Amino acid sequence: MKTKSNAGSTIIAVVALLTVLSGFVIAALSYTGAISYNVMATNTLRRATEVGDGSMEYMFAYWRELCKEEPTIARPTSDFASIPLPTQALFPAIPSFTAQVAAYTGASRSAPTLANYKVQATDPQGNIVTGSTTPALSNGINSDQMTANYIASVDVSLPAFAGRMLTVHLRQNFQKQQTSPWQYAIFYNDLLEVNPGATMNVAGWVHTNNYLYTAMSDLAFQNKVDYVSDWGVSWAPGDSDHTGTTPASPTYPSNLPPARGNSQLPFGFDPSQVFLNTNDNNTGYIELIQPPDTSKPDPISSYRYYDKADIRIMIGASNAVTMTDGAGNALTSALTTSDPNGNTLDGALYKVFKSAIDTGQSLQDPREGATMNITTLDISKITAALTASGAKRGNVTGTGSLITSPNGTNFAFAGVVYIANSTGSSTVKTGIQLINGAAVPATGLTVVSENPVYVQGDYNTGQTSSSKTPANTANNSTGSNVVSGYSEASCAILADAINVLSNSWTNSESTNSESSRVATPTTINAAFVTGNVPTGSGGSGANSYSGGAENFPRFLENWSGGVTFTYYGSMVELYKSQQSIGYWGSSNVYDPPNRNWHFDTLFLTTPPPGTFNVINYARGRWYTQ
């Protein structure tokens, strides 16, 4: 029988046990509550960040379109005050969604869903530039590279635990980045195919604003490759030339596979937005190399190379040659006038170029299946005039460089030549042939034509009859691309199509069969900007393939037997060819060369004459405050 004392002890023990257990329960409940609070806070934080990111994307889209309206300037903060606020329709899962532009400073429980919603310009150091003040730009390593910087902000408030509001202060850098397409070894605005069929190493950057197709294992990318749409280890749609051939992946650095990138818009404008009005000059990016139709509005007059040229050479009916200067003034041998600085222009510019032009020539282009009415431009005569004893350079506001010719007369020439034959038709084919171009003016040369251009022999290498370009002598990748003592200049050629003719080419033998048009080693140092005939555009079988980037420069000779074409430059495709529209893959046209091709790093610091840029609108790093 239990004593009274023992019963009391039992009761005390039970009470103590219950107290301990209650403590555990309370602790467990507190822990569970804390976990629930933390989980809810974490979920709310994640959700608020997602709302903020979506709002930033909405803001970015409007900011980008406003920037595209004025692609050549850095727009101030005041220009973005009209960006609309997101609405409930964009966030249907957020109840009682509200938004305001101004920052919110009231009670937290009453905070709107979005506040402090704005884009502000900054200087290169990240300091806010308010109002209508134009922000300073961050500059790159050459004049074509600069960045306009902006900071986007949004404060997102959402209810969390027990109705308390959690606010995320999200910030992100927006950048309008201007750079040169000539920082790329290969830059395509349209679909890009690279299927060489022989070993091809691409050392520089590669970009396409469209799809990338690579289907051969003998292709090796050695640096950054990006695309806007998608990448396929396959043949492009419409390519029936490679039917039955199994696609294979190219090689690339293990840490740098081809990846999706941002669109790089030439000159910052989107042709789908600019070329809308049928009353305008509106055929797309090819307008850059065409003269304007003066009877129609011209939305790209500030970008057109015809307008940028220091001299315009036009060949008309009966091979009549007319020339104008950069301001549109007619040039003749007897002309006496003045430039904006009062310097005499007594026909010196006309005389230099008139002596370099020869009309009425012809050559057979087997790819086009036509005899081309050719105008030759002798680069050696231009170079000689600009480098003769007594020649010098200075500054002429608005018109480029001032050159004093040997006879003491002055004229403005900054290195951009526009030359074209306007008499072409569906039955009469015309073209421009650049000859004797081994030495170019030391400050560079850009030649532009709406016609196909034929580059004959070494270009910008210093080769002479007694001093051969080492790459030509070695006939492989070990030789230098310039003659000893010659300083390579920064050059570009822009045309409807660009054809490479070797050092052994003669127009008189162009009608011979391919086996008799035998090429010899040739070197060219120049950027190429031109068009192509897209895959699936009308041909069949072998004629259905564009030729790919490996055939971007067109060939008309027999380069078989390991004859090397050495190229240092940057290949830029912007449009479909409109005059040279013969399909790739026809017989009796060419046998391919041994391709010793390199990206020319000279362009990184010294771009060719004539501003040419691409603009990328990028969302940079984001962070919370």
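Let's start in the middle of the fold: strand β6 is joined to strand β34 (residues 571-576) by 3 bridges, and the two run parallel. Across that pairing, isoleucine 186 stands opposite methionine 571 in β34. Keep in mind while looking around that this is a predicted model.

**Around β6**

β6 has another partner too: it pairs in the parallel sense with strand β9 (residues 205-208), over 4 bridges. There, tyrosine 188 stands opposite threonine 208 in β9. How many of the 5 residues of β6 are buried? The count is 5 of the 5, so β6 is largely enclosed by the rest of the structure.

β6 also turns up when you go looking for empty space. A search of the whole structure finds 6 cavities of 30 Å³ or more. The largest cavity holds about 120 Å³ of space. It is lined by 14 residues, and the closest to its centre are Ala185, Met571, Trp597, His598 and Phe599. The elements giving two or more residues to that lining are β6 (184-188), β8 (200-202), β33 (564-569) and β35 (594-599).

**The chain as a whole**

Stepping back, the chain has 7 helices and 36 strands. It runs to 625 residues, of which 50% count as buried. Take the contacts between residues at least 6 apart in sequence: 66% of them join residues at least 24 apart. As a general point, strands of a sheet pair through backbone hydrogen bonds, either parallel or antiparallel.

**More strand pairings**

Strand β26 (residues 445-448) is another good place to look. Leu445 and Val447 point one way from this strand, Thr446 and Val448 point the other way, and all are buried. β26 is joined to strand β24 (residues 416-421) by 3 bridges, in parallel, and to strand β28 (residues 491-494) by 4 bridges, also running parallel. On the β24 side, valine 416 stands opposite threonine 446; on the β28 side, valine 447 stands opposite isoleucine 493.

Then there is an open sheet of 3 strands, in the order β7-β10-β13 with parallel pairing. Its edge strands are β7 (192-193) and β13 (231-232), each of which pairs on one side only. Strand β10 (residues 212-213) is joined to β13 by 2 bridges, and the bridge partner of leucine 212 in β13 is tryptophan 231.

Here are some of the bridge partners side by side:

| Residue | Stands opposite | Strand of the partner |
|---|---|---|
| Isoleucine 186 | Methionine 571 | β34 |
| Tyrosine 188 | Threonine 208 | β9 |
| Valine 416 | Threonine 446 | β26 |
| Valine 447 | Isoleucine 493 | β28 |

**The nonpolar cores**

In soluble globular proteins, nonpolar side chains tend to be buried together. In this model, the largest nonpolar core has 74 residues, and Phe353, Leu434 and Tyr459 touch the most other members. A second, separate core has 64 residues, including Leu114, Trp182, Leu494 and Tyr617.

What does phenylalanine 353 contact, leaving aside its neighbours within four places in sequence? The list is Ile311, Ile313, Met323, Ile382, Phe413 and Val417.

Threonine 375, in strand β20 (residues 370-378), is worth a visit as well. At 0% relative accessibility, threonine 375 counts as buried. Not counting residues up to four places away in sequence, threonine 375 touches Ile315, Ile357, Asp358, Thr359, Ile419, Asn421, Gly431, Ile432 and Gln433.

**Two backbone oddities and some cysteines**

Two residues have a positive phi although neither is a glycine: serine 96, at about 55 degrees, and phenylalanine 267, at about 60 degrees. Serine 96 sits in the loop between α1 (4-69) and β1 (114-122), while phenylalanine 267 lies in the loop between β15 (265-266) and α2 (271-274). Are they buried or exposed? Serine 96 is exposed, with a relative accessible area of 66%, whereas phenylalanine 267 is buried, at 3% relative accessibility.

Finally, the cysteines. How many disulfides does the structure hold? The number is 0. Cysteine 67 is buried, with a relative accessible area of 1%, and cysteine 491 is buried with a relative accessible area of 1%.

Note on methods. Residues numbered from 1 in each chain as written. Predicted model: local features only at pLDDT ≥ 70, side-chain atom pairs only at ≥ 80, totals over all residues. Heavy atoms only, no water. Buried < 20%, exposed > 50% of the residue type's maximum accessible area, 1.4 Å probe, protein only. Pairing = 2+ DSSP bridges. Core = buried A, V, L, I, M, F, W, Y, C linked by side-chain atoms within 4.5 Å. Contact = heavy atoms within 4.5 Å. Disulfide = S-S within 2.5 Å. 1 Å grid on protein atoms, 1.4 Å probe; cavity = no way out; pocket = protein on both sides within 12 Å on 5 of 7 lines; lining within 4 Å. Points joined across faces, edges and corners; volume = space filled by probe spheres on them.
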